[in-house]
2 protein chains.
Amino acid sequence: MSQEHDTQTAFMEATYRALCTHGYADLTMQDIADETDKSKAALHYHFDGKDDLFREFLAYLHEGFTEKIADHPDAPPVTQLVALVRRVLDPVDDESDQQFNTAFMEIKAQAPYRDGYRTVLRRFDTDLRTEIADLVRAAIEDGQYPEDTDSEEVAEHVLTYIHGTWTRAAAVGADVVAMREHLVDDLLDMLVEDANVSADVETAVESAPSDAAGSE
Amino acid sequence: MSQEHDTQTAFMEATYRALCTHGYADLTMQDIADETDKSKAALHYHFDGKDDLFREFLAYLHEGFTEKIADHPDAPPVTQLVALVRRVLDPVDDESDQQFNTAFMEIKAQAPYRDGYRTVLRRFDTDLRTEIADLVRAAIEDGQYPEDTDSEEVAEHVLTYIHGTWTRAAAVGADVVAMREHLVDDLLDMLVEDANVSADVETAVESAPSDAAGSE
């Protein structure tokens, strides 16, 4: 790792911490510099203002997100899909995580006003949709989902629902786990009748069809 | 109407216009006063700062929202439900409407930081959920939806999906109509097999079941 790369990473980590403390709207370059051992001048040397820094920060978050949505190739596709939904909609029990989620919603709300924000946010959307659609297609090929399942439509639906869960959690403090498990139930309800799939990655192999497909 | 009430309404309308122009984050009391024939001092006489004004503004929006979600008691419940979803997720073709929707998302993102915002935002959620659950229950009573349909669960699901649609429209410019019609299809897919329900309020009476329930 170069020193330049280390400095960049330090600034990105400082931005994360500063966002948790101050939120996006009130955040200044000074607040971010205060989270490092560098000066505000050093921050301005690297970034051409708050918008420029945040375009970089979104790209940095996107890198982490890509790792988060990577699949578990050992489990059946539907089990992987459920695990993906659960990872993406992991309830935040840590206060700073919760503050970060709220700040990220502020950033999404700023997307139409700030050059380049939307471009990176679209990458989150596209990557997640592609990953979901790929898993649905794999589930169809494996005979877990019916042949006439529209993988793109399912991916769009799941993506919209995930965004809704994030928004309601931040705006009205709605229960992430309840909303998430409703989505998981929907994904399991789509299984063909005799599919042998567990919703749990660990027990993927042992489960009986009746456990997986729900009571319907 | 009292003069006091007229002034209040004028301030609320001015806030709407100012939000469309400036967004929430950068909005000042001066920006709002500039949209009226009153002074900034007059605005400060009525409201104890921006947060106080916005609590009032959210309550004003909530009043309009209540009218928007009111039902059409002549149509069958599922037709009313579809009409409700279409009204709430009406695509904004006017630029200022679009700017307002984005500003409203900024306000939702501010909810955890500002006293009282969440309380009013929860009322939007509760009212919409109650309206949806009531229509689903009426549809079950009318035999349009199966008896084992969980009206509260459907209402939660629809509500989360609606929030997701709003968020994706603002954050990544996703297609509101495509997302909305996907939800409408889901609501029609839930119909019992021989239900005679149109998705269109105007043609509610004439439609054939095959038109309403989709191709499945």
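**Exercise 1. Locate Asp150(A) in the fold and describe its surroundings.**

Solution. Asp150(A) sits in the loop that connects helix 7 (117-141) to helix 8 (151-172) of chain A. The model under examination is a predicted one. The next step concerns accessibility: Asp150(A) has a relative accessible area of 40%. Because partly exposed covers the range between under 20% (buried) and over 50% (exposed), Asp150(A) is partly exposed. Finally, Asp150(A) belongs to a surface patch of negative charge, together with Glu153(A), Asp185(B) and Asp189(B).

**Exercise 2. Describe the secondary structure and extent of chain A.**

Solution. Chain A contains ten helices and zero strands, and its pattern along the sequence is accordingly written α-α-α-α-α-α-α-α-α-α. Along the principal axes, the C-alpha atoms of chain A occupy a box of roughly 65 × 40 × 30 Å. Of its 216 residues, 48% count as buried.

**Exercise 3. Characterise the segment of chain A that UniProt annotates as "DNA-binding region".**

Solution. The annotation, from an unreviewed UniProt entry, covers residues 28-47 of chain A. In the model this span is 65% helix and 0% strand. The C-alpha atoms at its two ends are 13 Å apart.

**Exercise 4. Which parts of chain A are linked by the salt bridge between Arg129(A) and Glu156(A)?**

Solution. The side chains of Arg129(A) and Glu156(A) form a salt bridge at 2.9 Å, N to O. Arg129(A) belongs to helix 7 and Glu156(A) to helix 8 of chain A, so the pair, 27 residues apart, links distant parts of the chain. Both partners are partly exposed: Arg129(A) has 22% relative accessibility, and Glu156(A) has 24%.

**Exercise 5. Analyse the salt bridges Glu181(B)–Arg86(B) and Arg129(B)–Glu156(B).**

Solution. Glu181(B) and Arg86(B) meet through their side chains at 2.8 Å, N to O. This pair links helix 9 (residues 176-189) with helix 5 (residues 77-88) of chain B across 95 residues. Glu181(B) is partly exposed at 21% relative accessibility, and Arg86(B) is partly exposed at 25%.

The second pair, Arg129(B) and Glu156(B), forms a salt bridge at 2.9 Å, N to O. Arg129(B) lies in helix 7 (residues 117-141) and Glu156(B) in helix 8 (residues 151-172) of chain B, so this bridge ties together parts 27 residues apart in sequence. Arg129(B) is partly exposed at 22%, as is Glu156(B) at 26%.

As a last step, salt bridges with shared partners join Asp125(A), Arg129(A), Glu156(A) and Arg168(B) into one network.

Technical notes: Residues are numbered from 1 along each chain as its sequence is written. Chains are lettered from A and ligands numbered from 1 in the order in which they are written. This is a predicted model: local features need pLDDT of at least 70, side-chain atom pairs count only at pLDDT 80 or more; totals for chains, interfaces and linings use all residues. Side-chain values use heavy atoms; hydrogens and water are left out. Patches are made of residues with over 30% relative accessible area and no salt bridge: like charges are joined within 9 Å, nonpolar side chains (Val, Leu, Ile, Met, Phe, Trp, Tyr) within 5 Å. Accessible areas come from the Shrake-Rupley method with a 1.4 Å probe; for residues, only the protein chains shown count as cover. A salt bridge is a side-chain nitrogen of Lys or Arg within 4 Å of a carboxyl oxygen of Asp or Glu. Lys and Arg count as positive and Asp and Glu as negative; His and the chain ends are not counted. The place of a charge is taken as NZ of Lys, CZ of Arg, CG of Asp or CD of Glu. Helices (H or I, at least four residues) and strands (E, at least two) are DSSP runs, numbered from the N terminus. Buried means under 20% relative accessible area, exposed over 50%, partly exposed in between (1.4 Å probe, protein chains only). UniProt positions are given in the numbering used here, feature names are shortened, and annotations may be inferred rather than shown by experiment.
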